[in-house]
Amino acid sequence: MKKQFLLTLLFIPFFLTVAQETKSFDEDMNHAYTNAKKGIYFALSNIPETRKSYKQDLIEGDKLLASINLSKETNGVKVVSLGYYKTYTVEIVIYRSFDSLKKDGFR
């Protein structure tokens with residue numbers, strides 16, 4: 001009985017550390033996801049009239065937030081945004097038609 005109690009006491013700090021690391025992981029991934037969304041909104045707000053595609057980086061305070069790649073397709077646009085935070089990278093790819101962009105006020 002004492003051995004089980006001692007083993008339990010030894011593993012409690014381990015489980016607390018794992019729970020804390022999971023929380024930190026989720027927060028860091030959410031920051032990277034938010035930065036990728038910022039890239040999407042920036043790209044949709046700045047669709048060029050003449051060029052077929054462009055690449056751009058969003059930088060804020062000496063930190064790379066997102067890398068954006070926008071290309072015009074037959075009836076819409078394709079946007080690829082890579083959001084960065086610390087060592088995490090999240091990629092979002094969206095396809096939007098020109099009609100839905102106009103409806104949402106982007107064009």
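# Working through a hairpin and its salt bridges

In strand β4, T89 is the bridge partner of Y84. Keep that pair in view as you go through the exercises, and remember that this is a predicted model.

**Exercise 1. Work out how β3 and β4 are paired, and what sits between them.**

Solution.
- Step 1: Find the two strands. β3 covers residues 76-85 and β4 covers residues 88-97.
- Step 2: Check direction and pairing. The two strands run antiparallel, and 10 bridges join them. The Y84 and T89 pairing belongs here, with T89 on the β4 side.
- Step 3: Look at the turn. β3 and β4 make a hairpin with two residues between them. K86 is in that turn and has a positive phi of about 50°.

**Exercise 2. Put the hairpin into the whole protein: which elements come in what order?**

Solution.
- Step 1: Take stock of the elements. The protein has two helices and four strands.
- Step 2: Read from the N terminus. The order is α-β-β-β-β-α.
- Step 3: Add the overall figures. Of the 107 residues, 27% count as buried. The protein exposes about 8000 Å², with carbon and sulfur atoms supplying 57% of that.
- Step 4: Look at sequence range. Take the contacts between residues at least 6 apart in sequence: 39% of them join residues at least 24 apart.

**Exercise 3. Go through the salt bridges and say, for each partner, whether the residue is buried, partly exposed or exposed.**

Solution.
- Step 1: Count them. The structure holds two salt bridges.
- Step 2: Start back at the turn. K86 pairs with D28, and their closest N and O atoms are 3.8 Å apart. This pair links distant parts of the chain: K86 is in the loop between β3 and β4, D28 is in helix α1, and 58 residues separate them.
- Step 3: Classify that pair. K86 has a relative accessible area of 63%, so K86 is exposed. D28 comes in at 8%, so D28 is buried.
- Step 4: Move to the other bridge. D104 pairs with R96, with the closest N and O atoms 2.2 Å apart.
- Step 5: Classify again. D104 is partly exposed because its relative accessible area is 43%. R96 also counts as partly exposed, at 21%.

**Exercise 4. Find what M29 in helix α1 is in contact with, leaving aside neighbours within four places in sequence.**

Solution.
- Step 1: Place the residue. M29 lies in helix α1, residues 2-45.
- Step 2: List the contacts. With those sequence neighbours left aside, M29 is in contact with Y88 and V90.
- Step 3: Get a distance to the turn. The C-alpha atoms of M29 and K86 are separated by 9.4 Å, although the two residues are 57 apart along the chain.
- Step 4: Check the exposure. M29 has 27% relative accessibility, so M29 counts as partly exposed.

**Exercise 5. Describe the surroundings of S67: is S67 buried or exposed, and which side chain does it reach with a polar contact?**

Solution.
- Step 1: Locate S67. S67 is in strand β2, residues 63-72.
- Step 2: Apply the cut-off. The relative accessible area of S67 is 17%, and buried means under 20%, so S67 is buried.
- Step 3: Find the polar partner. The side chains of S67 and D57 are joined by a polar contact of 2.9 Å.
- Step 4: Fill in the neighbours. Not counting residues up to four places away in sequence, S67 touches Q56, D57, V80, S81, L82 and Y84. Y84 brings you back to the start, as the bridge partner of T89.

Terms used. Residues numbered from 1 in each chain as written. Predicted model: local features only at pLDDT ≥ 70, side-chain atom pairs only at ≥ 80, totals over all residues. Heavy atoms only, no water. Buried < 20%, exposed > 50% of the residue type's maximum accessible area, 1.4 Å probe, protein only. Contact = heavy atoms within 4.5 Å. Areas by Shrake-Rupley, 256 points an atom, 1.4 Å probe, with all protein chains shown as cover. Polar contact = N/O pair within 3.5 Å; in protein donor to acceptor, adjacent residues only side chain to side chain. Pairing = 2+ DSSP bridges. Salt bridge = Lys/Arg side-chain N within 4 Å of Asp/Glu carboxyl O.
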